[in-house]
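Please open the model in your viewer and keep the selection tool at hand, since this tour moves from one selection to the next.

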Amino acid sequence: MNWLTRSGFIYLLCLDLILCLTAFSVPSLSGYYQQKSLPTTTEIRGVWLTNVASGVLFVPWGIDHAINQLSALNFNTVYPVVWNRGHTFYKSAVAQIVTGSDAQPFLNLMHGGQDVLAKLVKLAKPQDLSVIPWFEYGFMTPFDSELARRYPDWLTKGQQGINSIKETPLEEVDNGLTNKQAWLNPLHPEVQNFILKLVVEVVSNYDVDGIQFDDHFGMPTQFGYDSFTIDLYRQEHQGKSPPTNPFNSEWMRWRANKITDFMAEIYQAVKAVKSNAKISLSPNSQTFAYKYYLQDWESWVKKGLIDELILQVYRNDKSSFIAELQKPALEFARTQIPVGIGISTGTLRNPVEIAQIREQVQIVRDRSFVGISFFYWESLWGYIAPESPRQRRRVFLEMFANKAIRPLPQSRK
């Protein structure tokens, strides 16, 4: 079992089942859903559906339940994971050729080989939920994944042979597993071809409203010392090797620009298949994203390479949360494209009270952002929350008392 250690697999299996049985066995709030007709507003109301510490995608009836409940609570967008830990979460001919598996093995097992993304789209569309598949892991993959095993030359690394890093707290399974993550080299043409084919496959084969990347669509700044990248740098610098300081400004800019160039290729390829498909990005703040992951999303906005920005602002402190909303790069992005804010609803280790969620939603609305998205489904009102699922759903219904449509694209200035 090379996609998870055996003990890790058993742990996740038990966790998923506990989460599902608890979250989905709670009586519905159908009585609260009968609200008087209110005017429709314009606002992104999204939620990320992940497989990390969540069973919603694994149990056959989980997706049905989630879509029905989100629709009843006047959400209008789902960002379902389609790429995570070296596996796709849809039936992929591209992944089958490259990794030997057309979808995540446990997903295939639990759904009897059914295409989960196709099912999700079929359920969501009649309920006016936009579906924007999320390439959650970007260039990140477990060091022991089949992808990393088959194509070791696709991986980038740091100095002294460092070839993996730990997941950050919100990216961890949040249950004690500490899998280290390797990184596919975003500058390598074969890696780019693979990722591009996955993206085009999703946009071509499913009735989706776009695709989304997040903070993993980049490369840790300490990486780039693999033989391919060093040779490429030398070719473009009269034989000179990259600086030994990974934070050297020219070395950072060179790598970041290469990633930006690839982002342009993706944008063009997606638009060639479906011109109205949105390219959505959910990054960290510009300063953090560029300094630590060479992700220069402000330049992507300037170049017209993304259509929607959902900034991750996972902060408990109110002043820190507000400060993130006032950063110059974000203010600039708001003049160009729809910008929403990602709010954490909690993790297993760090549950979030519904009062904080309500307050942060109001802060976002008071500053006229176009909407919010919540990380993640399981903690919206599951057992890992401080309050009961019934209490939390009631608050969401109060916040989203009327229906909302997604904002139209802005005219770029």
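Leaving aside its neighbours within four places in sequence, which residues is Gly-340 in contact with? In this predicted model, select Gly-340 in strand 13 (residues 339-344), and then add Leu-309, Ile-310, Leu-311, Val-370 and Gly-371, which are its contacts on those terms. A distance drawn between the C-alpha atoms of Gly-340 and Ile-310 should read 4.6 Å, although these residues are 30 apart along the chain. Gly-340 counts as buried because its relative accessibility is 0%, under the 20% cut-off.

Next, turn to the largest nonpolar core, which has 124 residues, and select Phe-75, Trp-297, Ile-341, Phe-374 and Phe-396, the residues with the most contacts inside it. Helix 10 (residues 249-273) supplies the largest share of this core, with 12 residues.

Staying with Trp-297, and again leaving aside neighbours within four places in sequence, display its contacts, among them Leu-281, Pro-283, Ile-306, Leu-309, Leu-311 and Ala-333. Leu-309 and Leu-311 will be familiar from the contacts of Gly-340.

Move on to helix 3 (residues 62-72), where the buried residues include Gly-62, Ile-63, Ala-66, Ile-67 and Leu-70. Following this helix is Asn-74, whose phi is positive, near 65 degrees.

Finally, go to the surface and select Phe-247, Phe-288 and Tyr-292, which form a nonpolar patch with about 260 Å² of accessible area together. Tyr-292 is found in helix 11 (residues 286-293), and this residue counts as partly exposed because its relative accessibility is 34%, a value between the cut-offs of 20% and 50%.

Technical notes: Residues are numbered from 1 along each chain as its sequence is written. This is a predicted model: local features need pLDDT of at least 70, side-chain atom pairs count only at pLDDT 80 or more; totals for chains, interfaces and linings use all residues. Side-chain values use heavy atoms; hydrogens and water are left out. A nonpolar core is a set of buried Ala, Val, Leu, Ile, Met, Phe, Trp, Tyr and Cys residues joined through side-chain atoms within 4.5 Å. Buried means under 20% relative accessible area, exposed over 50%, partly exposed in between (1.4 Å probe, protein chains only). Helices (H or I, at least four residues) and strands (E, at least two) are DSSP runs, numbered from the N terminus. Contact means heavy atoms within 4.5 Å. Patches are made of residues with over 30% relative accessible area and no salt bridge: like charges are joined within 9 Å, nonpolar side chains (Val, Leu, Ile, Met, Phe, Trp, Tyr) within 5 Å. Accessible areas come from the Shrake-Rupley method with a 1.4 Å probe; for residues, only the protein chains shown count as cover. A salt bridge is a side-chain nitrogen of Lys or Arg within 4 Å of a carboxyl oxygen of Asp or Glu.
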